[in-house]
Amino acid sequence: MLTPPQIAFFKVNGYLLLRQVLDPALCARARDRLWEALPEGSTMQRDDPATHTGPFPEDQQSDDPLHIRKGYLWQLRECGTESSLIDLVYNRPLCAMAEQLLGEGMLAPPKVGGLPMGSEGPAWPGGPTDPAINEGIRGIYCTRPYRANEQRKPDYGHTDGHPFNLGMVGLIHDVPPDGGAFKVWPGSHRRLYPTFQMRYDQPRIPYYRHLPAFKGIIHSPAYQSELTRIMQDTSPVDCWGSEGDVVLWHHRLVHMAGHNYSGVMRQAVLYDFSRTDLDQRRAIPPGEDMWQDWGPQVHAAGSDYPEALAMEMRLSPMESPLPA
Ligand SMILES: [Fe+2]
């Protein structure tokens, strides 16, 4: 269970690193499911880590939104509504913690045998896959290690454009620092929350082939300038960890998957916790109180937490954001 200081930390910083929350046997089963899905004849071999370094060769790439293998990304979504994956993620301890944040009895459960993410193709031609068209977990998301001579790329975060309440990234294999586990920008949820027009949704311009300049999600100028400031004044936290570790994150927190310079393939499961009232709340404007749609324990929490907790969450004391 989450302690009051952990809930306070979540309010102020928008994320929580939690150790050993996923069942090891189910993590192993998820890894088996992943590798069994790799087509025969692939040059990448499970038992030979030297072959895990990316990218996928041209003739082994796939754009299938249910099973993407492209560049350094390997994303298996077709398994997202299978019971072993849902049992892994929607487990009792994790749901209890999500309920502490979102309110008891407020979680909309995933559906075993339902529609996995990617079933209806990309959101627009050539665009990303909409994570909201999904009745299970997002899937098993891997980042193959970059080649040793790969030039280091700058970090740049984003917020997700689909409605949900609480994000979760769970490691199903150890991910060392700098291994692309997940990166978050502490405190960015509070700065960006008021810049959205709608509480959970985002306006989208439809894609027209003959009018190609604008397509997809629209961000307000206030959002764009605040995101630029966040990139300049906030250092991201690298959520590396061991098999079974989890990061919970606020739906407006800036994040990125992270570059993988570790030599070890990043293997993670992603899930979006949603409240049962999300459909009623998604298009109304952001509230005066950004915690209106959260549970009583979040309402009751202050903004104080011990320095030891901040260190455990890898937040540098110099970079602690102002209290909520
Ligand atoms: Fe994202």
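**A walk through a predicted model**

Let me begin with one residue, R314, which has 16 C-beta neighbours inside 10 Å and therefore counts as partly exposed. By that I mean the middle of three classes: a residue is buried if 20 or more other C-beta atoms lie within 10 Å of its own, exposed if 12 or fewer do, and partly exposed in between, with the C-beta atoms placed from the backbone. What we have here is a predicted model, in which local features need pLDDT of at least 70 and side-chain atom pairs count only at pLDDT 80 or more, while totals for chains, interfaces and linings use all residues. Residues are numbered from 1 along each chain as its sequence is written.

To stay with R314 for a moment, this residue lies in the segment after helix 9 (307–312), and its phi is positive, at about 65°, although R314 is not a glycine. Q20 is another such case, with phi near 55° in a residue other than glycine. Q20 sits in the loop between strand 1 (15–18) and helix 2, and it too is partly exposed, with 13 other C-beta atoms within 10 Å. A further backbone detail is the peptide bond from G54 to P55, which is cis, with omega near -5°; P55 belongs to the loop that runs between helix 2 (24–36) and strand 2 (67–70).

Stepping back to the whole protein, the secondary structure comes to 9 helices and 12 strands, where helices (H or I, at least four residues) and strands (E, at least two) are DSSP runs numbered from the N terminus. The C-alpha trace spans about 55 × 50 × 40 Å along its principal axes. For 324 residues, a compact globule would have a radius of gyration near 20 Å, and the 19 Å of this protein agrees with that; the radius is taken over C-alpha atoms, and the globule rule is 2.2 Å times the number of residues to the power 0.38. Of the 324 residues, 39% are buried.

Now to the strands, where two of them are said to pair if DSSP finds at least two bridges between them. In general, strands of a sheet pair through backbone hydrogen bonds, either parallel or antiparallel.

How much of strand 10 (residues 246–250) is buried? The count is 5 of its 5 residues, so strand 10 is largely enclosed by the rest of the structure. On one side the buried residues are V246, L248 and H250, and on the other they are V247 and W249, which leaves both faces covered. Strand 10 pairs in the antiparallel sense with strand 1 over 4 bridges, with L18 opposite V246, and it is joined to strand 5 (residues 166–171) by 5 bridges, again antiparallel, where G167 has W249 as its bridge partner.

Strand 4 (residues 139–143) is likewise mostly covered, with 5 of its 5 residues buried. It pairs antiparallel with strand 3 (residues 73–76) over 4 bridges, and L76 has I140 as its partner there. Strand 4 also pairs antiparallel with strand 12 (residues 266–273) over 5 bridges, and T143 stands opposite R266.

Finally, there is an open sheet of 3 strands in the order 9-6-11, with antiparallel pairing. Strand 9 (237–238) and strand 11 (255–256) stand at its edges with a single partner strand each, so one side of each has no neighbour in the sheet. Strand 6 (residues 183–184) is joined to strand 11 by 2 bridges, one of which matches K183 with M256.
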